[in-house]
Amino acid sequence: MRALKKAVAFSLVHFVVGLTVAYVLTGQAVVAFGVALVEPAINGVLLFVYGRWEEGGGNMSRFHHA
């Protein structure tokens, strides 16, 4: 349960930071909100792919046979 709480807290902080940085850079709330939603989703997918790759010892052929 601690890992889940930590993951949720990290995700919320990540969202707020992304929203703030994108808003400061663009001055547009809609763009900032979009970036804050899309960027963590892409990070999540890449983290999953990296985890699969790492489990296979860095061998991409293991990833393709998932």
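Leaving aside neighbours within four places in sequence, tyrosine 23 touches Gln28, Ala29 and Ala32 in this predicted model. The chain that holds this residue has three helices and zero strands, and its elements run α-α-α from the N terminus on. Of the 66 residues in the chain, 8% count as buried, and the accessible surface comes to about 5400 Å², with 73% of that area belonging to carbon and sulfur atoms.

**Tyrosine 23 and its surroundings**

- Tyrosine 23 is part of helix H1, which covers residues 2–26, and with a relative accessible area of 44% the residue is partly exposed, because this value falls between the 20% limit for buried and the 50% limit for exposed residues.
- The C-alpha atom of tyrosine 23 is separated by 9.5 Å from that of alanine 36, a residue 13 places away along the chain.

**Aromatic pairs**

- Two aromatic pairs are found in the structure, and one of them joins phenylalanine 15 to phenylalanine 33 in an edge-to-face arrangement, with 5.9 Å from centre to centre and 85° between the planes.
- Since phenylalanine 15 belongs to helix H1 and phenylalanine 33 to helix H2 (residues 29–55), this pair ties together parts of the chain that are 18 residues apart in sequence.
- Phenylalanine 15 is partly exposed at 22% relative accessibility, and phenylalanine 33 is likewise partly exposed, at 43%.
- The other pair is formed by tyrosine 50 and tryptophan 53, whose ring centres lie 5.7 Å apart and whose planes meet at 40°, so the pair is tilted; the reason is that an angle of this kind is neither under 30 degrees, as for stacked rings, nor over 60, as for edge-to-face rings.
- Both tyrosine 50 and tryptophan 53 sit in helix H2, where they are three residues apart, or about one turn of the helix.
- Tyrosine 50 has a relative accessible area of 42% and is therefore partly exposed, while tryptophan 53, with a relative accessible area of 31%, is partly exposed as well.

**Nonpolar surface patch**

- Phe33, Leu37, Val38, Ile42 and Leu46 make up a nonpolar surface patch of about 470 Å², and leucine 46, one of these residues, lies in helix H2.
- Phenylalanine 33 thus has a part in two of the features described here, because the residue belongs to the nonpolar patch and also forms the edge-to-face pair with phenylalanine 15, which links helix H1 to helix H2.

Technical notes. Residues are numbered from 1 along each chain as its sequence is written. This is a predicted model: local features need pLDDT of at least 70, side-chain atom pairs count only at pLDDT 80 or more; totals for chains, interfaces and linings use all residues. Side-chain values use heavy atoms; hydrogens and water are left out. Helices (H or I, at least four residues) and strands (E, at least two) are DSSP runs, numbered from the N terminus. Buried means under 20% relative accessible area, exposed over 50%, partly exposed in between (1.4 Å probe, protein chains only). Contact means heavy atoms within 4.5 Å. Rings of Phe, Tyr and Trp (its six-membered ring) pair if their centres lie within 6.5 Å; planes under 30 degrees apart count as stacked, over 60 as edge-to-face and the rest as tilted. Patches are made of residues with over 30% relative accessible area and no salt bridge: like charges are joined within 9 Å, nonpolar side chains (Val, Leu, Ile, Met, Phe, Trp, Tyr) within 5 Å. Accessible areas come from the Shrake-Rupley method with a 1.4 Å probe; for residues, only the protein chains shown count as cover. A salt bridge is a side-chain nitrogen of Lys or Arg within 4 Å of a carboxyl oxygen of Asp or Glu.
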